[in-house]
Amino acid sequence: MAKSKVYFIKEITSENLTKLYELVNTNITGKVAIKVHSGEEGNQNYLHPEFFEQIVQKINGTIVECNTAYPGERDTSEKHLKLLENHGWTKLFKVDLMDKEGPDAVLDIPDGEIIKKDYVGKNLLNYDSLVVLSHFKGHPMGGFGGALKQLSIGCASSMGKGYIHNNGGDPYSDMMKADQDNFIRSMADAASAVHKHFNGHTAYINVMKNLSVDCDCCSIAEDPCMEDIGILASLDPIALDQACIDLIYNSKDKGRDHLVERIESRHGLIILESALKHNFGSREYELIEVK
């Protein structure tokens, strides 16, 4: 298999975000969903909507999100819609809270290692293409969050998130008691389902900025522990996340070890191993620096 192309630019600007999109916009057609992270109330690290304004206008797509499975300001549609307004998303863009109303859409995963179904916000089925704009950083449960996590947990409905966390068991049971490694494998299963659903009409961009060990889902998050690295883009979400991981592991930044400890203590790299089994990408890539 040929190595996947991953494009990289060091300077993080809205203009460079759009520049990289142009390099991976090979099959984005029809009605386009643009997946972002809306940011939990109180979180200081999430990427604000103004940063995405240029690229969203270029794509002419709809910002999409889903409710969470844990207590906070995004666990009900009413609260999440209010937060989307308070954070400025609805002021700048068309926004679709995909699981605002049920029933969930169900994507089958016949080759699923842990789960055989993925419960996503039903409105995901209204779109022809998907552009995933991920803030790459650490995560308190997944180890790290990038393109694969956005495809899986990010596109899952509130119930679907619990289903993934609990390895296909009771979605409303205590997520902290579920098998950790199988949770990571379940994310890989779910990521494959969403990627394959769009049948090549996808593009992925990771922004390595505000590199905290915590996710944008945390209302109380650690401040970034590493300097910003850059923006990466690819048609292959596995290669994209792998390239980001490699940039962290190869960094001489003084905060590198703290972020690596978070990734490894949660067994986060399992998602890259498990995703390979679904044949929708590669961990082998060619990193192409863009000036």
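In this predicted model, His267 is found in the loop between helices H9 and H10, and its phi angle is near 60 degrees, a positive value in a residue other than glycine. With a relative accessibility of 39%, His267 counts as partly exposed. Asn167 likewise has a positive phi although it is not a glycine, the angle being near 55 degrees. The place of Asn167 is in the loop between helix H6 (158–165) and helix H7 (180–197), and Asn167 counts as buried because its relative accessibility of 18% falls under the 20% limit for that class. A further feature of the backbone is the cis peptide bond that joins Gly102 and Pro103, for which omega is about -5 degrees; Pro103 is placed in the loop between strand E4 (95–97) and strand E5.

These local features belong to a chain whose secondary structure comes to 10 helices and 12 strands. For a compact globule of 291 residues a radius of gyration near 19 Å would be expected, and the 17 Å of the chain agrees with this. Along its principal axes, the C-alpha trace spans about 45 × 40 × 40 Å. Of the 291 residues, 60% count as buried, while the chain exposes about 11800 Å², of which carbon and sulfur atoms supply 47%. When contacts between residues at least 6 apart in sequence are considered, 76% of them join residues at least 24 apart.

Pro237, which lies in helix H8 (residues 237–249), illustrates a contact pattern of this kind. At 0% relative accessibility, Pro237 counts as buried, and, when its neighbours within four places in sequence are left aside, Pro237 is in contact with Ala147, Leu148, Leu151, His195, Tyr204 and Phe280. The C-alpha atoms of Pro237 and Ser4 are 9.7 Å apart in space, although 233 residues separate the two in sequence. For Lys19 and Asn43, by contrast, a separation of 24 residues in sequence goes with a C-alpha to C-alpha distance of 28 Å. Lys19 lies in helix H1 (residues 14–24) and, at 34% relative accessibility, counts as partly exposed. Residues that Lys19 touches, not counting those up to four places away in sequence, are Ile9, Val290 and Lys291.

Charged residues were examined next. The chain carries 31 positive and 43 negative charges, and the mean positions of the two sets are 2 Å apart. Side chains of opposite charge can pair when their charged atoms come close, and a search of the whole structure finds 13 salt bridges. One of these is formed by Glu113 and Lys277, whose closest N and O atoms are 3.0 Å apart. Glu113 lies in the loop between strand E5 (105–108) and strand E6 (117–120), and Lys277 in the loop between helix H10 (270–276) and strand E12 (285–289), so the pair ties together parts that are 164 residues apart in sequence. Glu113 counts as partly exposed, with a relative accessibility of 32%, whereas Lys277 is exposed, with a relative accessible area of 53%.

Asp214 and Arg262 form another salt bridge, in which the closest N and O atoms are 3.0 Å apart. Here Asp214 lies in the loop between strand E10 (202–208) and strand E11 (230–234), and Arg262 in helix H9 (residues 256–265), so that this pair ties together parts 48 residues apart in sequence. Both Asp214 and Arg262 are buried. Lys291, one of the residues that Lys19 touches, forms a salt bridge with Glu289, the closest N and O atoms of this pair being 3.4 Å apart. At 76% relative accessibility Lys291 counts as exposed, while Glu289, with a relative accessible area of 38%, is partly exposed. In addition, salt bridges that share partners join Lys35, Glu40, Glu65 and Arg74 into one network.

Technical notes
Residues numbered from 1 in each chain as written. Predicted model: local features only at pLDDT ≥ 70, side-chain atom pairs only at ≥ 80, totals over all residues. Heavy atoms only, no water. Helix = DSSP H or I, 4+ residues; strand = E, 2+ residues; numbered from the N terminus. Rg over C-alpha atoms; globule rule 2.2 N^0.38 Å. Buried < 20%, exposed > 50% of the residue type's maximum accessible area, 1.4 Å probe, protein only. Contact = heavy atoms within 4.5 Å. Areas by Shrake-Rupley, 256 points an atom, 1.4 Å probe, with all protein chains shown as cover. Lys, Arg positive; Asp, Glu negative; His and termini not counted. Charge placed at Lys NZ, Arg CZ, Asp CG, Glu CD. Salt bridge = Lys/Arg side-chain N within 4 Å of Asp/Glu carboxyl O.
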